[in-house]
Amino acid sequence: MKKIIAIVLVAALTMAALAGCKKEPVLPESVTAAVLKGPTAIGMVNLMSRSDKGEAGLKYDFRIAGAADEITADLIKGNIQIAAVPANLASVLYNKTEGGIEVVAVNNLGVLYIVELSDEINSVADLKGKTIYSTGKGTTPEYTLRYLLTMAGIDPDNDVTIEFKSEASEVAALMSAAAEGENVIAMLPQPYVTVVTTQNANARVALDVTAEWDKLAGADSTIVTGVVVVNRKFAEDYPDAVKVFLDEFKASAEAATSDVDGTAALVGSYDIFKEAIAKKAIPYCNIVSTTGSDMKKYIEAYLKVLYEQNPASVGGKLPGDDFYYGVK
């Protein structure tokens, strides 16, 4: 009996010791993260602020870039470990690096809108015969517009005229300066939509491109504007850090939608957009923090649409399952 009691005590002490030796998370000394000026940065600004105050779970070094090509080389090399980038660029980088980049979250759904200076457009079908100004020739805005028109039975090459400008600010300026009574129709992203509707009293949002896409393409497909990616080697070396980041990013994105005023102030302070514009635009930027199987479902469906229009838009081929972090 004494022997049995002794064995039980030893077992209990061993379990207690093991419980006391809980594995500590392995975290790097610092994490370099990059965001682009625009709507894809909005979901991250609350985390940026917490980091600057020393309140974040990781020590972050945030970089704000004006264009994706300013950060891609460092992301591939691993000098930048986390970045918010356009969804199709994530696929291009995955293919270019033969799987060296993984996507960990969707941070923005669609941010495109059809804006006009009259009240002629109330459905996609109403765009037939019109001239539509846009940016992004040869990139996702063009493919999105062409897909939307095609799904509505409109031939993008013959039934409409698409006039491309190099920058969204050019389209916004054109609409803001339009003569009285002149109707200009454009597809613009937020927050440039807000810029136009603020500067020209005749401007109105005619269509939410994301909502129209969802109507035409079905529930399993939606526009995915921005995603958050990680360097694969970093994710493999520091899985605990990735988990900490995802938890903090989720809280940051949720704060962006629940505290619009505070988030707009941060957007202004980080010189991403003016605070007043951000305050009006944030509710229309479709800020999310979608991970796991839903992330994969949305990105796969969206990239397939882009691939069918132009394989080069996603890097020549659709990504494999290992593109999607944390999805078995």
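This is a short walk through the cores, the largest pocket, a few single residues and the aromatic pairs of one structure. Before anything else, keep in mind that what we have here is a predicted model.

Okay, let's start with the nonpolar cores. The largest one has 53 residues. Which residues have the most contacts inside it? Those would be Val227, Val229 and Ile299. As for where this core comes from, helix H14, which covers residues 292–309, gives the largest share, at six residues. There's also a second core, separate from that one, with 41 residues, and Leu47, Phe62, Phe234 and Phe273 are among them.

Let me stay with Val227 for a moment. If you skip its neighbours within four places in sequence, its contacts include Ala83, Ala84, Val85, Pro86 and Ala87. Val103, Ala105, Val106 and Asn107 are in contact with Val227 as well, and so is Ile299, another of the residues with the most contacts inside the largest core.

Next up, the largest pocket. Its volume comes out at about 1200 Å³. Of the 39 residues lining the pocket, Leu36, Lys37, Pro86, Pro141 and Pro189 are the closest to its centre. You've just met Pro86, as a contact of Val227. Which elements give two or more residues to the lining? Helix H2 (39–42), helix H5 (87–96), H6, helix H7 (168–176) and strand E10 (224–231) do. H6 has the largest share, with four residues. If you sort the lining by class, you get 19 nonpolar, 15 polar and five charged residues.

While we're around H6, have a look at Gly136. You'll find Gly136 in the loop between strand E6 (131–135) and helix H6 (140–151). Is Gly136 buried or exposed? It counts as buried, because its relative accessibility is 16% and the cut-off for buried is under 20%. Leaving out residues within four places in sequence, Gly136 is in contact with Pro141, Glu142, Phe164 and Lys165. Pro141 is one of those pocket residues closest to the centre. And take Phe164: 28 residues away from Gly136 in sequence, with a C-alpha to C-alpha distance of 7.1 Å.

One more single residue, over in strand E1 (residues 31–36): Thr32. Thr32 has a relative accessible area of 10%, so it is buried too. Not counting residues up to four places away in sequence, Thr32 touches Asp61 and Arg63, and also Asn79, Ile80, Gln81 and Ile82.

Last topic, the aromatics. How many aromatic pairs does the structure hold? Nine. The one I'd like to show you is Tyr94 with Phe323, which is edge-to-face, at 5.2 Å centre to centre and 65° between the planes. This pair links distant parts of the chain, with Tyr94 in helix H5 and Phe323 in the segment after H14, 229 residues apart. Both partners are buried: Tyr94 has a relative accessibility of 9%, and Phe323 has 0%. Phe323 also pairs with Tyr324, again edge-to-face, with 5.0 Å between centres and 75° between the planes. Tyr324 is buried as well, with a relative accessible area of 3%.

And to finish, Tyr60, Phe62, Phe245 and Phe249 form one aromatic cluster. Phe62 came up earlier, as part of the second core. That's what I had.

Terms used: Residues are numbered from 1 along each chain as its sequence is written. This is a predicted model: local features need pLDDT of at least 70, side-chain atom pairs count only at pLDDT 80 or more; totals for chains, interfaces and linings use all residues. Side-chain values use heavy atoms; hydrogens and water are left out. A nonpolar core is a set of buried Ala, Val, Leu, Ile, Met, Phe, Trp, Tyr and Cys residues joined through side-chain atoms within 4.5 Å. Buried means under 20% relative accessible area, exposed over 50%, partly exposed in between (1.4 Å probe, protein chains only). Contact means heavy atoms within 4.5 Å. On a 1 Å grid over the protein atoms alone, a cavity is a set of points where a 1.4 Å probe fits but cannot get out, and a pocket is an open set with protein on both sides within 12 Å along at least five of seven lines; lining residues have an atom within 4 Å of a point. Grid points are joined across faces, edges and corners, and a volume is the space filled by probe spheres set on the points. Ala, Val, Leu, Ile, Met, Phe, Trp, Tyr, Cys and Pro count as nonpolar, Asp, Glu, Lys and Arg as charged, and the others, Gly among them, as polar. Rings of Phe, Tyr and Trp (its six-membered ring) pair if their centres lie within 6.5 Å; planes under 30 degrees apart count as stacked, over 60 as edge-to-face and the rest as tilted.
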